[in-house]
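Visitor: I would like a close look at one part of this protein. Please pick a single residue and show me its surroundings, step by step.

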Amino acid sequence: MPAISPDEKQLAFVTRKCASGGCTYSVVEQDVGGTTTRTILENATAAYGLQWSPDRRNLIFNGTVGGRYGTFLVSALGFDLEMEIAPR
């Protein structure tokens, strides 16, 4: 479920890390053509969708964060912002 920013300069994608207790998911962002990545969300327990906001400042993440399933607004600017915008 990778997502390209509206200006096509950044790529966001979900990574999965599994251990004996289960899997966790992170949202990672990277410049197109670059190699440096930045994790902007960690420890989600489920991931179902990822989409950029039109202004490229946020990502809309569908999944489970902190035990709550829903749609979350996550800052792509490096701020520690994670806001549930549509609980399920």
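Guide: Here is a walk that starts at one glutamine and moves out to the sheet and the salt bridges. Keep in mind that the model is predicted.

Start with Gln30. This residue sits in strand β3, which covers residues 22–31. Is Gln30 buried or exposed? Its relative accessible area is 17%. The cut-off for buried is under 20%, so Gln30 counts as buried.

Now follow its side chain. The side chain of Gln30 reaches the backbone oxygen of Gly34, at 2.5 Å. Then look further along the sequence. Leaving out residues up to four places away, Gln30 touches Lys9, Gln10, Leu11 and Phe13. Gln30 also touches Thr35, Thr36 and Thr37.

Next, step back to the sheet. Strand β3 is part of an open sheet of 4 strands. Their order is β1-β2-β3-β4, and the pairing is antiparallel. Which strands stand at the edges? They are β1 (3–4) and β4 (37–44). Each has a single partner strand, so one side of each is left without a neighbour in the sheet. What holds such strands side by side in general? Strands of a sheet pair through backbone hydrogen bonds, either parallel or antiparallel.

Look at the β1 edge. Strand β1 is joined by 2 bridges to strand β2, residues 10–19. These two strands run antiparallel. Ile4 has Leu11 in β2 as its bridge partner. You have met Leu11 already: Gln30 touches it.

Now move one residue back from our glutamine, to Glu29. How exposed is Glu29? Its relative accessibility is 3%, so Glu29 counts as buried. Glu29 forms a salt bridge with Arg38, and the closest N and O atoms are 3.0 Å apart. Arg38 is partly exposed, with a relative accessible area of 34%. This salt bridge therefore joins a buried residue to a partly exposed one. Side chains of opposite charge can pair when their charged atoms come close.

How many salt bridges does the structure hold? There are 2. One of them links Arg56 and Asp7, with the closest N and O atoms 2.9 Å apart. This pair connects distant parts of the chain, 49 residues apart. Arg56 lies in the loop between β5 (46–52) and β6 (58–65). Asp7 lies in the loop between β1 and β2. Arg56 is partly exposed, at 29% relative accessibility. Asp7 is partly exposed too, with a relative accessible area of 36%.

Key
Residues are numbered from 1 along each chain as its sequence is written. This is a predicted model: local features need pLDDT of at least 70, side-chain atom pairs count only at pLDDT 80 or more; totals for chains, interfaces and linings use all residues. Side-chain values use heavy atoms; hydrogens and water are left out. Buried means under 20% relative accessible area, exposed over 50%, partly exposed in between (1.4 Å probe, protein chains only). A polar contact is a pair of N or O atoms within 3.5 Å; within protein, one must be able to donate a hydrogen and the other to accept it, and residues adjacent in sequence count only if both atoms are side-chain atoms. Contact means heavy atoms within 4.5 Å. Two strands pair if DSSP finds at least two bridges between them. A salt bridge is a side-chain nitrogen of Lys or Arg within 4 Å of a carboxyl oxygen of Asp or Glu.
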